[in-house]
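Here's a friendly walk through one protein model. Have a look at the picture first, and then we'll go through it piece by piece.

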Amino acid sequence: MTLTAAEKASLVALSGKISGHAEALGAEALERLFFSFPQSKTYFPHFDLTKGSDDIKRHGGKVLSAIGEAAKHVDNLEQALSKLSDLHAYNLRVDPGNFKVLAHCIETVLAAHFPAEFTPEAQAAWDKFLAAVSAVLTSKYR
């Protein structure tokens with residue numbers, strides 16, 4: 001994945017705005033995932049999956065915080081996400097298809113909350129970036 005300087009700047013700028021709201025925005029993305037793709041709930045048997053639960057807020061915050069951290073290291077995602085890649089491949093064994101649908105849910109939340117910043121160009125950058133994040137997270141599944 002190659003991002004232009006403008007695309008990288010767009011990622012970092014929006015990541016900065018997300019960071020103060022990672023828990024709420026991440027929870028919204030997870031709630032959309034669980035509602036639209038209920039089969040994804042099977043990976044969270046120990047969570048309270050009701051809307052607004054502490055488990056969803058906490059995990060949503062972790063997800064968006066990790067994405068924000070990855071955005072800071074976009075030129076070296078493999079290293080930045082190495083521990084998460086190991087966790088997902090060797091312990092959690094989440095269906096790789098879930099990363100793609102979660103990325104879509106994240107982009108939907110960003111578009112809803114940051115309409116001025118989430119321009120078509122920004123969406124294209126986020127789409128490339130989240131696809132690269134998904135690829136790294138599933139790279140050790142083989």
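Before we get to the pocket, a quick word on residue classes: Ala, Val, Leu, Ile, Met, Phe, Trp, Tyr, Cys and Pro count as nonpolar, Asp, Glu, Lys and Arg as charged, and the others, Gly among them, as polar. Keep in mind, too, that this is a predicted model.

**Confidence and overall build**

How confident is the prediction? The mean pLDDT of the protein is 92, and 99% of its residues reach 70 or more. Broken down by element, H2 has the highest mean pLDDT, at 97, while H5 has the lowest, at 83.

As for the fold, you'll find seven helices and zero strands. Read from the N terminus, the elements go α-α-α-α-α-α-α. The radius of gyration is 14 Å, close to the 14 Å that the globule rule gives for 142 residues, so the protein is as compact as a globular protein of that length. Along the principal axes, the C-alpha atoms fill a box of roughly 40 × 35 × 20 Å.

Buried residues make up 42% of the 142 residues. Now take the contacts between residues at least 6 apart in sequence: 78% of them join residues at least 24 apart.

**The largest pocket**

What is the volume of the largest pocket? It comes to about 730 Å³. The lining has 31 residues, and the closest to the pocket's centre are Phe44, His59, Val63, His88 and Leu92. Sorted by class, the lining holds 22 nonpolar, six polar and three charged residues.

Which helix gives the most to that lining? H3 does, with eight residues. Helices supplying at least two lining residues each are H2 (22–36), H3 (54–72), H5 (82–92), H6 (97–113) and H7.

**Four residues to look up**

Here are four residues from various parts of the chain, with their burial.

| Residue | Relative accessibility | State |
|---|---|---|
| Ser53 | 4% | buried |
| Ser134 | 14% | buried |
| Asp95 | 40% | partly exposed |
| Thr2 | 66% | exposed |

Why does Ser134 count as buried? Its relative accessible area is 14%, and buried means under 20%, so Ser134 makes the cut. You'll find Ser134 in helix H7, which covers residues 120–138. Leaving aside neighbours within four places in sequence, Ser134 is in contact with Phe99 and Lys100.

Ser53 sits in the loop between H2 and H3, and at 4% relative accessibility this loop residue is buried as well. Between Ser53 and Glu31 there are 9.9 Å in space, C-alpha to C-alpha, with the two being 22 residues apart in sequence.

Another loop residue is Asp95, placed between H5 and H6. At 40%, Asp95 counts as partly exposed, because that class lies between the 20% limit for buried and the 50% limit for exposed. Asp95 and Asp54 are 24 Å apart, C-alpha to C-alpha, and 41 residues apart in sequence.

Finally, where is Thr2? Thr2 belongs to the segment before helix H1 (5–19). With 66% relative accessibility, Thr2 is exposed, since exposed means over 50%. Thr2 and Val74 are 72 residues apart in sequence, yet 9.4 Å apart in space, C-alpha to C-alpha. Setting aside its neighbours within four places in sequence, Thr2 is in contact with Glu7 and Lys128.

How values were computed:
Residues are numbered from 1 along each chain as its sequence is written. This is a predicted model: local features need pLDDT of at least 70, side-chain atom pairs count only at pLDDT 80 or more; totals for chains, interfaces and linings use all residues. Side-chain values use heavy atoms; hydrogens and water are left out. Buried means under 20% relative accessible area, exposed over 50%, partly exposed in between (1.4 Å probe, protein chains only). Contact means heavy atoms within 4.5 Å. On a 1 Å grid over the protein atoms alone, a cavity is a set of points where a 1.4 Å probe fits but cannot get out, and a pocket is an open set with protein on both sides within 12 Å along at least five of seven lines; lining residues have an atom within 4 Å of a point. Grid points are joined across faces, edges and corners, and a volume is the space filled by probe spheres set on the points. pLDDT is the predictor's confidence in each residue, from 0 to 100. The radius of gyration is taken over C-alpha atoms; the globule rule is 2.2 Å times the number of residues to the power 0.38.
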